[in-house]
Amino acid sequence: MTPHQARGLASSVGAALDNSDSRRNGASGAERHPFTSSQLSSRSAHSPSSDALIFIHLYKTGGTTLNRIIEWEYKLTRICSVEPTWWRWSYQRIMGWSQARLGGMDVFKGHMPFGLHTLVPRPANYVTVLREPVERAISDYYFARRFKPHMHHRAALELTLEEYFLEKHEHNLQSRILAGPNSHELFPSVCDSATLAVAKENLARHFIVVGLTERFDETLALLKVALGWKVKRYRSFRVAGNRISRQLVAPATLALIREKERFDLALYSYGASLFEEAIVAHREAVEAELPTIRRAREMTGLESRYYWMSSIARAVFCRAHSLL
């Protein structure tokens, strides 16, 4: 999507969606509840409802589904979406926004490295979702085979999973992105023990919720407790229908993936411990929210189609508005 296309989309879609947002974000909105756990103990005490939210969408972790949920929870004109196709260009452009424009956003979301909070002129909370690295690597390959606009689509059709993993897959990407930029790049091009240590520290000090793809409903429950979200409806987006199960992958290939992704495996283990800590700290509240989250998926065929179409319209508007 180019900036010229964005202007047209924003003007055509915005009016209808803003009317809906005015009703959703009026005086009848739910009271926000502060989220406290040891994950936040080293950070300043701010109310999550008044802070900016930064969602770091890690590739192939269920982030598209969470992006669509976010677009129902906040006023669309106060959401900044990093353009997913040209995310490096989009993110660097956002980094050049004025302090007034950055301060006017309630949410920043998309593919981006850790660190945007240093530019935002208000307190900010991070959230992200981690995925078990072997599963993420398999999913990345089959997504590239299925999704024609993917930069490695042709290669994925010609390569085996193992070949693709060695030649095209970005190894330990979760650790590299969550470590944040170094002096030369948006995020480190390689990963080592120092990169992993920085990523772990960032998760512990700056993230209000560290979710897990494999436990997505509980992740949503934590987000509802932390941020007062409604999550009246939700469905999954971009679920791979062409991938094989892990059990069908050759043991030697799985061993290779585990070796190459060893830093991400360590990060995932650490993130899972933070997740479990938060679940224990808020067990009653999480268990109370889980039935409502499961009911949110119970839609008729017509309701599901309406939700899908409305969600896509909201996503288009957010992307277009952020490119203006």
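Okay, one cut-off before we start: I call a residue buried when its relative accessible area is under 20%. Keep that in mind, and keep in mind too that this is a predicted model.

Let's begin with one histidine. H153 sits in helix α6, which covers residues 153-158. Is H153 buried or exposed? Its relative accessibility is 12%, so H153 counts as buried. What does H153 touch, then, once we leave out residues up to four places away in sequence? The list is A144, R145, R146, F147 and K148. One of those, A144, comes up again for a polar reason: the H153 side chain reaches the backbone oxygen of A144 at 2.8 Å.

Next, the sheet. We have five strands in an open sheet, and if you walk across, the order is β2-β3-β1-β4-β5, with parallel pairing. Which strands stand at the edges? Those are β2, residues 79-81, and β5, residues 207-212. Each of the two has a single partner strand, so one side of each is left without a neighbour in the sheet. From one strand to the next, the twist averages 15°.

Let me zoom in on one edge. β2 pairs with β3, residues 107-110, in the parallel sense, and there are three bridges between them. If you want a pair to click on, take S81, whose bridge partner in β3 is K109.

Now the nonpolar stuff. The largest nonpolar core has 74 residues. Which residues have the most contacts inside this core? They are I56, L66, F108 and W229. Looking at helices, α12, residues 262-281, gives the most to this core, with eight residues. There's also a second, separate core of 15 residues, and Y141, Y142, L159 and Y164 are among them.

Last stop is helix α11, residues 251-260. Here T253, L254 and I257 are buried. Why do they end up on the same side of α11? They cover an arc of only 100° around the axis, and that puts them on one and the same side of the helix. Go round to the other side of α11 and you find P251 and A252, which are exposed. And what covers the buried residues of α11? The cover includes α5, residues 133-146, and α7, residues 161-167.

So, if you open the model afterwards, try two spots: H153 with the backbone oxygen of A144, and the buried side of α11 with T253, L254 and I257. Thanks, everyone.

How values were computed
Residues numbered from 1 in each chain as written. Predicted model: local features only at pLDDT ≥ 70, side-chain atom pairs only at ≥ 80, totals over all residues. Heavy atoms only, no water. Buried < 20%, exposed > 50% of the residue type's maximum accessible area, 1.4 Å probe, protein only. Helix = DSSP H or I, 4+ residues; strand = E, 2+ residues; numbered from the N terminus. Arc of directions from axis to C-beta. Contact = heavy atoms within 4.5 Å. Pairing = 2+ DSSP bridges. Axes fitted to C-alpha atoms, helices over the stretch in contact; angles between N-to-C directions. Core = buried A, V, L, I, M, F, W, Y, C linked by side-chain atoms within 4.5 Å. Polar contact = N/O pair within 3.5 Å; in protein donor to acceptor, adjacent residues only side chain to side chain.
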